[in-house]
Amino acid sequence: MKNKKFSISREKREKLINEIKTFFYEERDEKIGDLAANIVLDFFMDKLAPEFYNEGVNDAYRYMQDRIEDLLEIQI
């Protein structure tokens with residue numbers, strides 16, 4: 001998945017934009033518009049989402065490796 005961009009539905013994007021706007025208002029006492037929230041969302045999707053995705057893949061890999069080792073222990 002090298003250099004593949006994440007895509008989300010329009011509905012999910014709108015929900016996340018509203019959550020970003022709410023966060024800025026509640027945590028920073030700052031009202032931001034849709035454009036600013038879109039820029040923040042794009043930044044997170046471009047820069048941070050791949051890191052979290054890769055960490056999830058690594059966690060799944062380690063989990064599966066542990067299960068495979070458990071399976072090998074039941075050999076007769």
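In the predicted model, D34 is partly exposed, because its relative accessible area of 42% falls between the 20% limit for buried residues and the 50% limit for exposed ones. The residue D34 is placed in helix α2. Not counting residues up to four places away in sequence, D34 touches I17 and K21. D34 also faces N18 across a stretch of chain: the two residues are 16 apart along the sequence, and their C-alpha atoms are separated by 8.1 Å.

The secondary structure of the protein consists of two helices and zero strands. The radius of gyration is 19 Å, whereas the globule rule gives 11 Å for 76 residues, so the protein is more spread out than a compact globule. The C-alpha trace spans about 65 × 25 × 20 Å along its principal axes. Of the 76 residues, 12% count as buried. The protein exposes about 6,900 Å², and carbon and sulfur atoms supply 55% of this area. When contacts between residues at least 6 apart in sequence are considered, 47% of them join residues at least 24 apart.

The largest nonpolar core has eight residues, namely I17, I20, F24, I32, A37, V40, L41 and M45. Two elements give two or more residues to this core: α1, which covers residues 10-28, and α2, which covers residues 34-72. Helix α2 gives the most, with four residues. One of the core residues is A37. Leaving aside neighbours within four places in sequence, A37 is in contact with I17, I20, K21 and I32. Residues I17 and K21 are thus contacted by A37 and touched by D34.

Nonpolar side chains are also found at the surface. A nonpolar patch is formed there by F43, F44, L48 and F52, and together these residues have about 420 Å² of accessible area. Within this patch, F43 lies in helix α2. F43 is not counted as buried, because its relative accessible area is 45% and the limit for that class is under 20%; F43 is partly exposed.

Charged side chains were examined next. Side chains of opposite charge can pair when their charged atoms come close. The structure holds six salt bridges. One of these joins D42 and R13, with the closest N and O atoms 2.4 Å apart. This pair links distant parts of the chain, since D42 is in helix α2 and R13 is in helix α1, 29 residues apart. Both partners fall in the partly exposed class: D42 has a relative accessibility of 34%, and R13 has a relative accessible area of 21%.

Other salt bridges involve R62. The side chains of D59 and R62 meet in a salt bridge with an N to O distance of 2.4 Å. Both of these residues lie in helix α2, three residues apart, which is about one turn of the helix. R62 also forms a salt bridge with E55, in which the closest N and O atoms are 3.5 Å apart. Salt bridges that share partners join E55, D59 and R62 into one network. The members of this network are partly exposed, with relative accessible areas of 40% for E55, 39% for D59 and 42% for R62.

Methods
Residues are numbered from 1 along each chain as its sequence is written. This is a predicted model: local features need pLDDT of at least 70, side-chain atom pairs count only at pLDDT 80 or more; totals for chains, interfaces and linings use all residues. Side-chain values use heavy atoms; hydrogens and water are left out. A nonpolar core is a set of buried Ala, Val, Leu, Ile, Met, Phe, Trp, Tyr and Cys residues joined through side-chain atoms within 4.5 Å. Buried means under 20% relative accessible area, exposed over 50%, partly exposed in between (1.4 Å probe, protein chains only). Contact means heavy atoms within 4.5 Å. Patches are made of residues with over 30% relative accessible area and no salt bridge: like charges are joined within 9 Å, nonpolar side chains (Val, Leu, Ile, Met, Phe, Trp, Tyr) within 5 Å. Accessible areas come from the Shrake-Rupley method with a 1.4 Å probe; for residues, only the protein chains shown count as cover. A salt bridge is a side-chain nitrogen of Lys or Arg within 4 Å of a carboxyl oxygen of Asp or Glu. The radius of gyration is taken over C-alpha atoms; the globule rule is 2.2 Å times the number of residues to the power 0.38.
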